[in-house]
Amino acid sequence: ELKVAHHAFDEGDAGVLSLANERTVLEALREAVGSMLHSYPTSLMEDTEMKGKASSSGSGEGASTLPIHESMALALRMGEKRILTEALEQVAAREAALADLKVTCMG
């Protein structure tokens, strides 16, 4: 199993001990990151809409009706949500790669 895992992944992944351990870690990451993402009271889409409405209501180009501290907080939350969403996508891609590996090894 280790030999197959070693050849299936990038050379930087030579420290993989077992596919079962990696799957367990990925599941824990997915749950933790998903929980963090869902802890926000608004979604990234809602924040994007809020930012768009605030910007379109402003008096000039790039102007916003939100006070500066609220605008900065909104930008921070949006950045955090993008990072968490990307992390979930990376975990899903790795899980899919492991699922493909399992099918390849069994076939």
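Thr65 sits in the loop between H3 and H4. In this predicted model, Thr65 has a relative accessibility of 47%, so Thr65 counts as partly exposed. Eleven residues along the chain separate Thr65 from Ala54, yet their C-alpha atoms are 5.1 Å apart.

Leu66 belongs to the loop between helix H3 (44-56) and helix H4 (68-106). Beyond residues up to four places away in sequence, Leu66 touches Ala54, Ser71 and Leu74. Leu66 can also be placed relative to Lys51: the two are 15 residues apart in sequence, and 8.6 Å lies between their C-alpha atoms.

The loop between H2 and H3 holds Tyr40. With neighbours within four places in sequence set aside, the contacts of Tyr40 are Arg77, Glu80, Lys81 and Leu84. For one of these partners, Arg77, the C-alpha atom is 8.5 Å from that of Tyr40, with their positions 37 residues apart along the chain.

Lys81 is part of helix H4. Is Lys81 buried or exposed? Its relative accessibility is 1%, and the cut-off for buried is under 20%, so Lys81 counts as buried. The side chain of Lys81 comes to 2.6 Å from the backbone oxygen of Thr42. Apart from neighbours within four places in sequence, Lys81 is in contact with Leu37, Tyr40, Thr42, Ser43, Leu44 and Asp47. Of these partners, Asp47 is 34 residues away along the chain, with a C-alpha separation of 9.8 Å from Lys81.

The C-alpha separations given above are collected here.

| Pair | Apart in sequence | C-alpha to C-alpha |
|---|---|---|
| Thr65 and Ala54 | eleven residues | 5.1 Å |
| Leu66 and Lys51 | 15 residues | 8.6 Å |
| Tyr40 and Arg77 | 37 residues | 8.5 Å |
| Lys81 and Asp47 | 34 residues | 9.8 Å |

Helix H2 can be checked for its length and for its buried residues. At 1.5 Å a residue, its 20 residues should span 28 Å, and the end C-alpha atoms of H2 are 28 Å apart, which agrees. Which residues of H2 are buried? They are Leu19, Glu22, Leu26, Val33, Gly34 and Leu37. Because they cover an arc of only 100° around the axis, they lie on the same side of H2. In an α-helix there are 3.6 residues a turn, so residues three or four places apart point the same way.

For the protein as a whole, the count is four helices and zero strands. Read from the N terminus, the order of elements is α-α-α-α. The protein has 107 residues, and 19% of them count as buried. About 7500 Å² is exposed, and 60% of that area is supplied by carbon and sulfur atoms. If contacts between residues at least 6 apart in sequence are taken, 68% of them join residues at least 24 apart.

Confidence varies along the chain. The protein has an average pLDDT of 82, and 72% of the residues score at least 70. Where is confidence lowest, and where is it highest? Helix H1 (residues 2-8) has the lowest mean, at 43, while helix H2 (residues 19-38) has the highest, at 94. Over residues 1-7 the pLDDT stays under 50, and the model has eleven contacts beyond four places in sequence for this stretch.

Terms used
Residues numbered from 1 in each chain as written. Predicted model: local features only at pLDDT ≥ 70, side-chain atom pairs only at ≥ 80, totals over all residues. Heavy atoms only, no water. Helix = DSSP H or I, 4+ residues; strand = E, 2+ residues; numbered from the N terminus. Buried < 20%, exposed > 50% of the residue type's maximum accessible area, 1.4 Å probe, protein only. Contact = heavy atoms within 4.5 Å. Areas by Shrake-Rupley, 256 points an atom, 1.4 Å probe, with all protein chains shown as cover. pLDDT = per-residue confidence, 0-100. Expected span 1.5 Å × (residues − 1). Arc of directions from axis to C-beta. Polar contact = N/O pair within 3.5 Å; in protein donor to acceptor, adjacent residues only side chain to side chain.
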